[in-house]
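Thanks for coming. I will talk for a few minutes about charged side chains and who pairs with whom.

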Amino acid sequence: MDALEVTSVKRSRWTRALSLAGAVTLLAGCGALELPAPERLPSAAATPPSNDASQDPPPPETEPAPSPEYTDPHTDTRAAIASVKATAEDARIRDVAVDLVGLNRLGADHVVIQVRLSKTTDSRKWYLWHDVHDYMTRDKDDMASGLGLIDPAQSRILMPSVTPEGACLCTAENDYEGPGLEYGKPRTLYAVVPAPAGGASSTTVYLPFAPPIVNVPISDEPPVPPPGQEIPDPAGHQLTPLSYPMEIPSVSLDQSQETMTDDKHVRINLSSDVLFKVNKADLSDKARQILRRTAKSIDASDTGSVKIEGHADSTGDDAVNDPLSRRRAETVRAELTSLVTREGVRFTAEGHGSRQPLYPNDTEAGQRRNRRVTVTFDRPRTSGATASTGTPVPLSSGRPGSSSTTKVDGQPFTVEADPVRTIGGGLGVLTYRTTNNGIKSTWLHELGRRHKGLPVSSRFGASSNVDLVDTATQTMYGPATAYGDQGDRLYCVCTASGTGVAKHLAQETKEFWALVGVPEQATTVRVRIADFPPLADIPVS
């Protein structure tokens, strides 16, 4: 198979000549290199000096012009399609402007992302490769492997394709002469990623160091690289597509139902405490109301089979838990069979006793949530990205929908949120800002705490302690999580957290974002962020 070659930025012949000349001079001065005798100039006898004062003096020596093929890799003057500000942990990146300068189809199966990074202040260099690489799987941090697309139709994050050698089809560190981003020297990065499903005409650009850029039209024009760069054509080469499935959690406020929707299935955990009386398998009156809602979800799917599983907590023994969990699953199967109106759906039921807990059984809350009946069926097909209405509006637009205040370690803090931007597939992007209005530095650690009310939280540091509430259905929605490292790890699709993110200097404002579940047909939601009072009536657009 052919190895895919990515051509790096060309250095000018003039730069190489200067480097070679300097090396030769240094070696000669140290006696390590014997230089040939210089060509002798004409003698004074052969060319007597002129005494004509009117003769023009010789022109001053000037530095030779660069060769005609020289291109400045920092020159990219294209207008931005949309712009956001970086929000990574390193303070040196928070003065970095991120411009999307290209989003183009490349053949039938790929899209090229091009982003330009610029320092807006003359501060210290930023070693950008630590923040632009794919932190969810790839070990190498010398590539722009973290650029991707959020595909709501597949509920996946589409990442740069992989070459047979394991390299990323994207900008690499050696494409530039130095690793740092400097003021006045912007850099343009590219990544070739799989195209979104269904021939989507617009998509959302995922950036590991900044908020997503939502609902961007995909151009059918060929991609145009900046000066000195080339974008490889994936056609004719063997590439491995890379993508991460996402999971979206939601829970009813009365704790009767928890739902997890991933790229393939919908899993609804129905509380046995609400459906049944203690040690009984007969449905309560409220159970039928809950199951009617579940049946509507099944009707909305094109699934041909529904799996129903009964579970118990660890109290009691298998002789009691196994038959009870099986009878409860059979009861739910019979009720859903009568409620689902779509034909051709096959239902199965089984009981697992206490062998498959979702939560620790050492607390009453964990035991309550483990007593459940789980209904699993295929995820409904979605329409994918929301249709674009033109040039995307930057998320960091400074248009707060609402704000609230609280005290953190005695310092007054404010939080304000922008309208939630929907991207299709039951997903939206929430951006918000926190401000320390006090007189000393304070850490906002609560933003990175595990969310206690949602069925699953990411296991790795992130600003995940946020949620939306649809007051009409009394349902809470949390941040999406992605399965990286071949499905072994959960990552919040939100601003990464750490000491640098949690720390707020006096009078400092920081911006955060999260990809969240969004209720269908909702026009406003209630937003809760860490320990701040909830923000009411945040618009959904």
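What follows is a short walk through some of the salt bridges in this model, which is predicted.

How many salt bridges does the structure hold? The count is 20. I will take three pairs and then a network.

Start with R105 and D220. Their side chains meet in a salt bridge, at 3.1 Å from N to O. The two residues sit 115 residues apart and link distant parts of the chain: R105 lies in strand β2, residues 96-106, while D220 is in the loop between β10 (213-217) and β11 (240-252). D220 has a relative accessible area of 62%, so this residue is exposed.

Next, R371 and D273. The closest N and O atoms of this salt bridge are 2.9 Å apart. Again the pair links distant parts of the chain, with the two positions 98 residues apart. R371 belongs to the loop between α6 (364-370) and β16 (372-378), and D273 to helix α3, residues 272-275. Both ends are partly exposed: R371 has a relative accessible area of 21%, and D273 comes to 38%.

The third pair is D418 and R433, with 3.0 Å from N to O. D418 is in the loop between β18 (411-417) and β19 (421-424), and R433 is in strand β20, residues 427-436, 15 residues away. Is D418 buried or exposed? Its relative accessibility is 2%, so D418 counts as buried. R433, at 8%, counts as buried too.

Last, the network. Salt bridges join D76, R78, D99 and R116.

That is the end of my part.

Technical notes:
Residues numbered from 1 in each chain as written. Predicted model: local features only at pLDDT ≥ 70, side-chain atom pairs only at ≥ 80, totals over all residues. Heavy atoms only, no water. Salt bridge = Lys/Arg side-chain N within 4 Å of Asp/Glu carboxyl O. Helix = DSSP H or I, 4+ residues; strand = E, 2+ residues; numbered from the N terminus. Buried < 20%, exposed > 50% of the residue type's maximum accessible area, 1.4 Å probe, protein only.
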